[in-house]
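Reader: I should like to go through the terms used for charged side chains. Please set each one against its cut-off.

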Amino acid sequence: MSIKLEHVTHTYGLGSPFEKTALHDVSLEIESGEFVGIIGHTGSGKSTLVQLLNGLLQPTQGTVTVDGMDISQKTKEAMQMRHKVGMVFQYPEYQLFEETIAKDIAFGPRNFGLSDDEIEDRVKEAMEFVGLDYKTYADRSPFRLSGGQMRRVAIAGVIAIHPQYLILDEPSAGLDPAGRREIFAEIQRWHREKNITVILVSHNMDDISRMASRLIVLSQGQICIDGEPLAVFATEQETLHRAGVSVPPVTEVLQYLKGRGLPLQDRVHTVEEAADSIYQCIRGKGHA
Amino acid sequence: MSTPMIKLDHMSHTYEDENGQTVYALKDISLEIQPGEFVAIIGTNGSGKSTLAKHFNVLLVPTEGTCEVLGMRTDDPANLWKIRQNVGMVFQNPDNQIVAAVVEEDVAFGPENLGVPPEEIRQRVSDALARVRMTAFAKHGPHLLSGGQKQRVAIAGILAMQSRCIVLDEPTAMLDPMGRKEVMDTIRQLNQEGITVIIITHFMEEAVQAGRVIVIHHGEIKMDGTPREVFTHVDELLELGLDVPVPAELAVRLRRKGIPLEGDIISKEELGDALCQ
């Protein structure tokens, strides 16, 4: 079970004067159950890549398969397979449109032809998942909510289709640190409990380093790094820099201290681990 | 003493919720911002920081108390255009604030509406684009620019109005790290040239670049001081649901583990100095 890209090239405006190749000969396999972070600066091909993963774009060359099925086909089976890939776009709250929160979340399951009872179960489950009380919120207008709550409704709408693969494009942009932590705690829980595959596109290296088990860096339409995040931050600084992305702030501080002669371990996920690392280094030297 | 750029006197802003209850988005805020300051406003979603910023160029007016810009009260309609000419606003989404099909025409939009003579408009536009280092893109279509470049065009539009104050509401939230750096470098440079800068941000590494940091929580000012004064209150900020710069948090955690570190630490250099003595 996997999403697989084989020698995929995508060219916009093929044959027109504005022809532009956004992805060039990319091969990639994301196994079921992985938590993958994708990073790259504007124009690196990230958005094109994720739209290929769920069939919104078709490859100009090469194939995209989900669990072995070529999703560019127009067959019923290929359409079914695309339903397994859920996508949360940037600023998903702008896509809310129904008059009540419950109706908005029900839109996906309803289009998939579920019965009313099944739909209600899905809506309840999705709302519980994103921390919105069903009784309080089901019949309210989504447009009276705060930005952070609206985003939760939008994510619940995708959760309600029970995707096997969940793609999130910058889910934390514009949220405050507390809101960011909450949304990510929910996504991590979903990943753990339902064993779904998460593909997180982000500018925020900190988020990727804390959660993803695999980091993919795109640059000029190609994959320039594919590896375990902490190992990448420790060994690929030069390539990261050339791709226009940076290591997480906590790694940056530790690498700076290392540069000033502190022989410390810089492969850490959190500020807490970083403090431990510095502590051990200082105590080891018999300073304090 | 010169007239403050912004002066709020016991200002509140209320609205009615769906049950008819009065809610204070901002409550009894008194604040002065002097010309030439570089102020960062931080706070969680819903804290009232965007509501506050919208009072600075009369997108909102106080429901209690007063807001003055360069001594002009914002609740007097006669002052509206004078104030908006002096205080320009940049929003989060770079695609929502570009109006023309060519970069230089977009920058010219403001002065054209002020009735500035064409020759002078040309001069102002080319000056403004030079100051944000976008001269090379003057004839480009805005849709071909990166997010950071679009934000710099928006800033140029404000410069062409000869505004004295720029208010930026999360201008980098949608940008990649490179775009964020471009925008912050531009803002810092304009502040050094004398423009008053007020930036709302969730990124603490941006807030530390300001001369003054204001923390808003539940519509009230919780802290107001230099980045050093504010960001050394690590526990309080975390309690409010905000982040702190990594070096400041590391310093607090190390002290708690019994490692004596001297001084107020908010940068990696200061942490390095304290550890490598």
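Reader: Why is Glu249(B) called buried or exposed?

Author: The model is predicted: local features need pLDDT of at least 70, side-chain atom pairs count only at pLDDT 80 or more, and totals for chains, interfaces and linings use all residues. Residues are numbered from 1 along each chain as its sequence is written, chains are lettered from A in the order in which they are written, and side-chain values use heavy atoms, without hydrogens and water. Buried means under 20% relative accessible area, exposed over 50%, and partly exposed in between (1.4 Å probe, protein chains only). Glu249(B) has 12%, and is therefore buried.

Reader: What makes Lys181(B) exposed?

Author: Its relative accessible area is 53%, so Lys181(B) counts as exposed.

Reader: Why is Arg181(A) called partly exposed?

Author: Arg181(A) has 41% relative accessibility, and therefore counts as partly exposed.

Reader: How do you know that Arg181(A) and Asp243(B) form a salt bridge?

Author: A salt bridge is a side-chain nitrogen of Lys or Arg within 4 Å of a carboxyl oxygen of Asp or Glu. For Arg181(A) and Asp243(B) the N to O distance is 3.4 Å, and the two side chains meet in a salt bridge. This pair crosses between chains, from helix 7 (residues 177-194) of chain A to the loop between helix 9 (234-239) and helix 10 (246-256) of chain B; helices are DSSP runs (H or I, at least four residues), numbered from the N terminus.

Reader: What makes Glu249(B) and Arg253(B) a salt bridge?

Author: The closest N and O atoms of Glu249(B) and Arg253(B) are 3.2 Å apart, and the pair forms a salt bridge. Both residues lie in helix 10 of chain B, four residues apart, about one turn of the helix.

How values were computed:
Helices (H or I, at least four residues) and strands (E, at least two) are DSSP runs, numbered from the N terminus.
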